[in-house]
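Got the viewer open and a selection box ready? Let's walk through this one stop by stop, picking something new each time.

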Amino acid sequence: MSVQQENITELPGLATPGLGPTGRPKREFPLPPVLKSHGPARIITLCNQKGGVGKTTTTINLGASLAEYGRKVLAIDFDPQGALSAGLGVPSHDRTTIYDLLIGSAKDVSEAIVETKTPGLDVIPANIDLSAAEVHLVNEVAREQILARVLRQVSDRYDVILIDCQPSLGLLTVNALTAAHGVLIPLECEYFALRGVALLVETIEKVRDRLNPAIKLDGILATMYDSRTLHSREVLERVVDAFGDDVLETVISRTVKFPDASVAASPVTSFAPEHPAAQNYRQLARELVARGAVA
Ligand code: ADP
Ligand code: MG
């Protein structure tokens, strides 16, 4: 990470007065209303078969921001790498994980839920065991619906469940899409960001046709945006050309605060609460509430 990247102190897009980074008029999203009761959860899958685009970072920090706004949040680590568990400071070895719930070696979902240091944000961890799940599930009846069935047990206790997918479009990701009400696609502001997105959209459409007719695209989230480079702006322009209003107004800046927070096993919203990186994710939370994607 270069020193330059540490110097981002502004929210992106302020270069053009009145316009946000996506080229639309800048908007403030209101504070989410206080919830008087909790559940049932809206389930959102974070999906992109490309690695390193910000799925896990978004799950952690969107989850923490929604929890700050009083939402009860459950994050599901659905990647055998276990980066979500690690990023939230939750050990994932020698304990009940999402794998045990999928293959049925654990029946009670509560047994797998771990509270994080962020009040209101819980996680179901994963570890490398999960890499064997696809092979185990391939001969199961209704193999695409196993995660949906698992989550039904705890849905009433949460306002939102976020599923952090692994970088693949295999059976686990299809399970995550089948379980979801909505899908959020993080896209890194880099050349080739759009490569593979057609295949992802095709997969979502197949799942909608065959398994989950109600699934919605909740939004495309531009991540790792650097407002000082023409490159980042051009990529974002192309993303907006391709997806129009599906591109969220909120754009996540590129800053080393994110890897720093990962090392500290903490959301950036508590690691550096005043940093623009934390503000970015709070704004994302407010935008998703304003769009009706979260209660
Ligand atoms: P994915 O889950 O899609 O593979 P991650 O969220 O793990 O992606 O991000 C990949 C790497 O990029 C991590 O090291 C993470 O800390 C870093 N990262 C994520 N978002 C940003 C950002 N906005 N700015 C800088 N680095 C980021
Ligand atoms: Mg990840």
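Start by selecting aspartate 218: is it buried or exposed? Its relative accessibility is 5%, and because the cut-off for buried is under 20%, aspartate 218 counts as buried. Bear in mind that you're looking at a predicted model. Colour by secondary structure and you'll find aspartate 218 in strand E7.

Now show side chains. Which partner does the side chain of aspartate 218 make a polar contact with? That's the side chain of arginine 42, at 2.8 Å. Then expand the selection to what aspartate 218 is in contact with, leaving aside neighbours within four places in sequence. You should pick up Arg42, Ile44, Gly182, Val183, Leu248, Leu288, Arg291 and Ala293.

Next stop: the largest pocket. Switch on a pocket surface, and you're looking at about 350 Å³ of space. Its lining takes in 23 residues, and if you want the ones nearest the centre, select Thr57, Met224, Phe258, Pro259 and Ser262. The elements giving two or more residues to that lining are helices H2 (55–68), H3 (83–87) and H10 (257–263), plus strands E7 (216–225) and E8 (247–253). Which of them gives the largest share? Helix H2 does, with five residues. Recolour the lining by class and you get eleven nonpolar residues, eleven polar ones and one charged.

Over to ligand 1. Around the ligand sit 15 residues, and those coming nearest are Gly52, Lys55, Thr56, Thr57 and Ser253. Thr57 is one you've already selected, as one of the residues nearest the pocket centre. Try some distance monitors from ligand oxygens to backbone N or O atoms:

- glycine 52, 2.7 Å from an oxygen atom of ligand 1
- glycine 54, 3.0 Å from an oxygen atom of ligand 1
- proline 259, 3.5 Å from an oxygen atom of ligand 1

Proline 259 also belongs to the set nearest the pocket centre.

Last pick: alanine 272. Where is it found? Look in the loop between helix H11 (268–271) and helix H12 (276–290). Despite the loop setting, alanine 272 counts as buried, because its relative accessibility is 14% and the cut-off is under 20%. With neighbours within four places in sequence set aside, alanine 272 is in contact with Lys257 and Ala278. To tie this stop back to the pocket, draw a C-alpha to C-alpha line from alanine 272 to phenylalanine 258: the two are 14 residues apart in sequence and 9.5 Å apart in space.

How values were computed: Residues numbered from 1 in each chain as written. Chains lettered and ligands numbered in written order. Predicted model: local features only at pLDDT ≥ 70, side-chain atom pairs only at ≥ 80, totals over all residues. Heavy atoms only, no water. 1 Å grid on protein atoms, 1.4 Å probe; cavity = no way out; pocket = protein on both sides within 12 Å on 5 of 7 lines; lining within 4 Å. Points joined across faces, edges and corners; volume = space filled by probe spheres on them. Helix = DSSP H or I, 4+ residues; strand = E, 2+ residues; numbered from the N terminus. Nonpolar A, V, L, I, M, F, W, Y, C, P; charged D, E, K, R; others polar. Buried < 20%, exposed > 50% of the residue type's maximum accessible area, 1.4 Å probe, protein only. Contact = heavy atoms within 4.5 Å. Near = heavy atom within 4 Å. Polar contact = N/O pair within 3.5 Å; in protein donor to acceptor, adjacent residues only side chain to side chain.
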